[in-house]
Amino acid sequence: MVKRSARFVCQNCGASTARWAGRCDGCGEWNTIVEEVDGLATGSGGVGAGPRATSGRRGRVFPLVSLEGDAKEAPRIVSGMAELDRVTGGGFVRGSAILVGGDPGIGKSTLLIQAAAILAKRGHSVVYVSGEEAIGQVRLRAERLGLSGAPVKLAAETSVEDILATLSAGPPPALVVIDSIQTLWTELADSAPGTVTQVRTAVQALIRYSKATGATVVLVGHVTKDGQIAGPRVVEHMVDAVLYFEGDGAHQYRLLRSVKNRFGATDEIGVFEMTSLGLQEVSNPSELFLGDRDGRSPGAAVFAGMEGSRPLLVEIQALVAPTSLGTPRRSVVGWDGSRLSMILAVLEAHCGLRFGQHDVYLNVAGGMRIQEPAADLAVAAALVSSLSGVPLAIDSVYFGEVGLSGAIRPVPRADQRLKEAERLGFRGAVLPAGGSSDGASRTACGLELSEIDVLAGLVARIASRSDGTVKSIREAGRRDR
Ligand code: TYD
Ligand code: MG
């Protein structure tokens with residue numbers, strides 16, 4: 001007999017305890033523990049854990065096989081939206097479950113109704129289940145986007161049992177979109193909709209359906225303000241791919257980023273622009289992030305970066321200004337604050353520059369977020385340029401990792417970065433000496449390459465642009481006081 005037990009589950013990380021506590025031992029969050037009655041006394045997660053896991057039947061013996069043998073490339077449904085297909089690794093894999101997370105209002109429903117409509121128009125059978133919006137609202141949006149002619153099968157439902165019964169009544173569709181997992185509820189678990197146990201049990205049931213029938217299930221999940229998919233981080237472990245849809249209110253474009261993908265590379269991004277006609281693909285994002293540049297103002301450097309397999313040029317802007325505060329301000333948007341402190345420390349220790357009496361602001365243009373250490377050199381160039389008041393060459397790009405010793409280290413895929421810069425009309429590049437860190441040799445390119453091996457070389461280069469000397473830049477750090 002299935003034993004019903006009450007337990008206390010953290011709504012943030014999913015850890016469960018036998019007693020209530022104010023603070024979760026698992027993740028340290030306060031007030032996240034809620035009592036949940038669980039039908040599955042041993043249902044500790046995992047796709048296979050179902051009601052039968054507690055029936056006490058004897059296990060079946062299955063054959064163990066070798067790594068070698070028949071393996072087929074996963075069959076995919078290509079959506080035809082190039083940016084979406086890039087992020088999924090070449091299309092939705094049949095029988096896989098994909099979680100699409102993002103802030104409320106970012107455009108998840110818009111993206112998925114567009115993808116659903118395109119696939120339906122291409123002859124795939126597509127079901128869109130909305131738990132958040134009424135049918136009328138979804139229809140209104142589809143009409144506004146010019147998609148109402150697409151043969152998408154639409155429903156507004158939240159009961160997992162009803163959804164599965166409806167899906168199982170006919171031949172399995174190619175794609176099922178569930179918008180969103182937080183609204184689902186299942187009778188298998190007694191707790192309230194939106195709780196970890198509910199969401200986990202509902203998602204398990206949907207994943208079982210997708211594995212059994214080969215239908216691709218796309219689950220929409222909201223993200224809390226600290227950036228996690230609301231409540232059930234456990235869901236991230238259960239699905240095959242996790243995509244985040246991000247962007248900020250001030251900008252029109254949105255990034256779809258893959259953070260987990262069992263069938264493709266992670267770190268891929270797809271770029272979209274939100275317009276009055278829905279999401280449009282941006283196939284040439286570098287142009288978007290470069291902004292208006294005039295080459296006269298100091299403090300701007302173009303970083304030749306990589307996002308997944310795609311090169312992306314972005315402008316890095318620095319403002320170094322005399323401070324009126326006792327402790328100077330360090331403010332970063334779009335990059336890592338501790339990495340900025342490191343670059344400032346290296347510039348001080350190995351190049352003799354002084355930032356101690358200056359506020360430093362760093363911004364990545366267009367609201368882009370950069371994680372690559374390869375941006376170090378571009379950041380350093382922007383900082384030195386702003387400190388000295390010397391504008392950098394408008395037609396040069398920068399990339400390279402800065403070590404604590406002041407050495408400039410090679411980074412991967414130098415070739416691709418240079419090609420993208422050349423394609424966009426740049427003439428020069430400042431880069432680490434000695435090729436690419438992935439061992440790829442550099443092929444000839446039309447750019448004028450300036451290889452530098454220490455950060456002091458960069459400072460000397462910038463000083464030479466103003467007929468100045470490194471000493472005059474050092475002085476810049478002391479004047480105004
Ligand atoms: P939505 O897809 O509902 O977001 P989510 O499902 O992630 O909560 O997107 C809502 C926002 O998108 C809303 O603020 C309006 C905007 N939007 C447009 O700008 N153009 C459009 O064509 C559509 C459909 C939405
Ligand atoms: Mg929505």
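Author: A polar contact is a pair of N or O atoms within 3.5 Å of each other. The model discussed here is a predicted one.

Reader: How far does a polar side-chain atom of S109 lie from an oxygen atom of ligand 1?
Author: S109 is among the closest of the 16 residues that surround ligand 1. The pair to consider joins a polar atom of the S109 side chain to an oxygen atom of ligand 1, and a polar contact requires such atoms to be within 3.5 Å. The distance falls inside that cut-off, because it is 2.6 Å.

Reader: Which residue has a polar backbone atom 2.9 Å from an oxygen atom of ligand 1?
Author: The backbone takes part in contacts with ligand 1 as well, and a backbone N or O atom of G105 lies 2.7 Å from one of the ligand's oxygen atoms. The residue whose polar backbone atom is 2.9 Å from an oxygen atom of ligand 1 is G278.

Reader: What percentage of the area that ligand 1 exposes when taken alone does the protein bury?
Author: Contacts such as the 2.9 Å pair between the G278 backbone and an oxygen atom of ligand 1 can be set beside the area that is covered. Taken alone, ligand 1 exposes 560 Å², and the share of this area that the protein buries is 74%.

Reader: Which element gives the largest share of the shell around ligand 1?
Author: Ligand 1 sits in the second largest pocket. The elements that contribute two or more residues to its shell are α2 (108–121), α3 (135–144) and β13 (269–275). The largest share, 3 residues, is given by α2.

Reader: How many charged residues does the shell around ligand 1 have?
Author: Sorted by class, the shell has 5 nonpolar and 7 polar residues. The charged residues in this shell number 4.

Reader: Which element gives the largest share of the lining of the largest pocket?
Author: The largest pocket holds about 440 Å³ of space. It is lined by 23 residues, of which E246, G247, L255, R257 and R369 are the closest to its centre. Two elements, β11 (241–246) and β12 (253–261), give two or more residues to this lining. The largest share, 5 residues, comes from β12.

Reader: What volume does the largest cavity have?
Author: The count comes to 4 cavities of 30 Å³ or more. The lining of the largest cavity includes R76, F92, D240 and F263, and by class this lining has 5 nonpolar, 4 polar and 2 charged residues. The volume of the largest cavity is about 60 Å³.

Reader: Which two residues does a cis peptide bond join?
Author: Most peptide bonds are trans. In this model there is a cis peptide bond with an omega of about 10 degrees, and one of its partners, S180, has its place in the loop between β9 (175–179) and α5 (196–213). The two residues joined by this bond are D179 and S180.

Reader: Where does N31 lie?
Author: Most residues other than glycine have a negative phi. N31 is not a glycine, yet its phi is positive, at about 55 degrees. N31 lies in the loop between β2 (16–17) and β3 (33–38).

Technical notes: Residues numbered from 1 in each chain as written. Chains lettered and ligands numbered in written order. Predicted model: local features only at pLDDT ≥ 70, side-chain atom pairs only at ≥ 80, totals over all residues. Heavy atoms only, no water. Near = heavy atom within 4 Å. Polar contact = N/O pair within 3.5 Å; in protein donor to acceptor, adjacent residues only side chain to side chain. Areas by Shrake-Rupley, 256 points an atom, 1.4 Å probe, with all protein chains shown as cover. 1 Å grid on protein atoms, 1.4 Å probe; cavity = no way out; pocket = protein on both sides within 12 Å on 5 of 7 lines; lining within 4 Å. Sits in = over half its atoms within 2 Å of the grid points. Helix = DSSP H or I, 4+ residues; strand = E, 2+ residues; numbered from the N terminus. Nonpolar A, V, L, I, M, F, W, Y, C, P; charged D, E, K, R; others polar. Points joined across faces, edges and corners; volume = space filled by probe spheres on them.
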